[in-house]
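This report describes how one protein chain is divided and how its parts meet. Please study the sequence and the structure before reading on.

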Amino acid sequence: MSLPTIQRAVVADKAGGPEVMQYRTDYAVPTPKEGQVLVKNHISGINYIDIYFREGLYPSPKPEVLGREAASTIVAFGPNTDTHGLEIGDRVIWLGTAGYSEYTAVAVAKTMKLPSGISDEKATASFLSGLTCLTLSHEAYKVKPGDWALVHAAAGGVGFIMTQILKKIGAKVIGTTGGPEKVALVKSLGADHVIDYRSPEGKNWPKIVNSITEGWGVDVVFDSVGKDTWEGSLEAVRRKGTVIWFGNASGPVPPLPLNRLSPKCVKVARPTLLGYIHTREEFEFYAQKLFNLILHDNLKINIHKVYPLNMVQQAHKDLEGRKTMGKLLLAVS
């Protein structure tokens with residue numbers, strides 16, 4: 001198969017706002033190295049972590065092609081590479097970098113063959129978010145039936161899936177979100193209570209959480225918002241409870257004095273997905289678990305919009321402006 005030498009891609013040439021991402025038609029197609037596979041991308045995911053790298057909150061070399069996942073087709077393997085049973089022509093989903101492009105060289109160890117019953121769109125809309133939800137709810141804090149769980153940004157790409165997974169485990173879920181439409185969406189997922197933090201009464205959401213739980217607080221908080229919610233999250237968690245910060249949508253959590261945790265004996269986690277799927281065995285375990293939830297357990301996947309590759313600046317603006325419900329995708333080819 002003859003492969004092109006140049007491709008379409010979106011390149012962030014420096015840290016900054018959405019305007020630093022430039023659509024190009026002359027970007028070099030990479031050559032896969034040992035341990036890598038070259039894929040032709042079809043649908044790429046847009047995640048809040050892309051904004052962190054674009055802004056420089058998470059330092060990374062520039063110029064840079066953003067994008068941490070895509071549904072693709074394998075077109076070549078690097079030399080001396082363990083293929084993990086994959087073949088040229090396989091339809092796959094991967095985790096890595098440089099998804100905002102037509103072709104990407106990614107680690108074979110973080111590439112999974114897609115079941116025929118899962119579309120490219122559904123796979124990309126659920127993969128990074130779904131693996132995050134599964135690892136956080138099984139390892140960062142092992143959620144048990146009957147636990148009270150607070151999920152911030154419950155209508156977002158991660159929150160949408162997290163709410164469903166928690167309910168399937170048997171937890172009691174309190175979601176926070178902004179606006180009546182998002183409240184209705186989260187309620188439709190089975191959340192026991194949904195707080196509109198934009199409403200006058202919802203602004204004091206820790207007090208509402210305290211009332212719902214009859215003064216006890218929640219067993220676990222899943223907080224992807226960061227700066228705007230961290231104080232409230234510590235207030236809403238119960239004695240001997242756990243707060244899991246895994247995102248910075250409003251900015252990073254400020255330095256946290258450890259004695260701030262002492263009065264209620266609170267545990268805090270700041271995990272990252274890759275720490276839970278470091279080995280191929282771990283990666284396959286959670287990927288298959290997610291595929292099974294989609295294929296056999298009616299896990300709903302919400303796609304806000306599919307943008308063309310040259311509209312990625314607008315996609316980032318929409319995501320940062322909190323105008324979205326569910327996952328944003330890029331149509332790459």
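## Two domains

The C-alpha centres of domain 1 and domain 2 lie 28 Å apart. The model examined here is a predicted one. Domain 1 is built from two stretches of the chain, 6-127 and 277-331, whereas domain 2 covers 141-270. Where the two domains touch, 18 residues of domain 1 and 24 residues of domain 2 take part.

## The area between the domains

About 1,500 Å² is buried between domain 1 and domain 2, and carbon and sulfur atoms give 57% of this area. On the side of domain 1, three residues supply 40% of the area buried against domain 2, more than any other three residues: Lys 300, Arg 322 and Met 325.

## Polar and charged links

Between domain 1 and domain 2 the count is 1 salt bridge. A salt bridge requires a side-chain nitrogen of Lys or Arg within 4 Å of a carboxyl oxygen of Asp or Glu. Asp 297 and Lys 168 form such a pair, with their closest N and O atoms 3.9 Å apart. The interface of the two domains also holds 8 residue pairs in polar contact, in which both residues have a pLDDT of 80 or more.

Helix H1 (48-55) and helix H2 (120-140) are the elements that each give two or more residues to the side of domain 1 that touches domain 2. By residue type, this side of domain 1 consists of 9 nonpolar, 5 polar and 4 charged residues.

## The annotated region

An unreviewed UniProt entry lists residues 16-330 as "domain: Enoyl reductase (ER)". Over residues 16-330, helix makes up 30% of the chain and strand 26%. The C-alpha atoms at the two ends of this region are 20 Å apart.

## Backbone details in two loops

Which kind of peptide bond joins Lys 62 and Pro 63? The bond between these residues is cis, with omega at about 0°. Pro 63 belongs to the loop between H1 and strand E4 (69-77).

A further backbone detail concerns Asn 80, which lies in the loop between E4 and strand E5 (91-95). The phi angle of Asn 80 is near 55°, a positive value in a residue other than glycine.

How values were computed
Residues numbered from 1 in each chain as written. Predicted model: local features only at pLDDT ≥ 70, side-chain atom pairs only at ≥ 80, totals over all residues. Heavy atoms only, no water. Domains from an automatic or database assignment. Contact = heavy atoms within 4.5 Å. Buried area = accessible area lost by both parts, 1.4 Å probe. Polar contact = N/O pair within 3.5 Å; in protein donor to acceptor, adjacent residues only side chain to side chain. Helix = DSSP H or I, 4+ residues; strand = E, 2+ residues; numbered from the N terminus. Nonpolar A, V, L, I, M, F, W, Y, C, P; charged D, E, K, R; others polar. UniProt positions renumbered as here; feature names shortened; annotations may be inferred.
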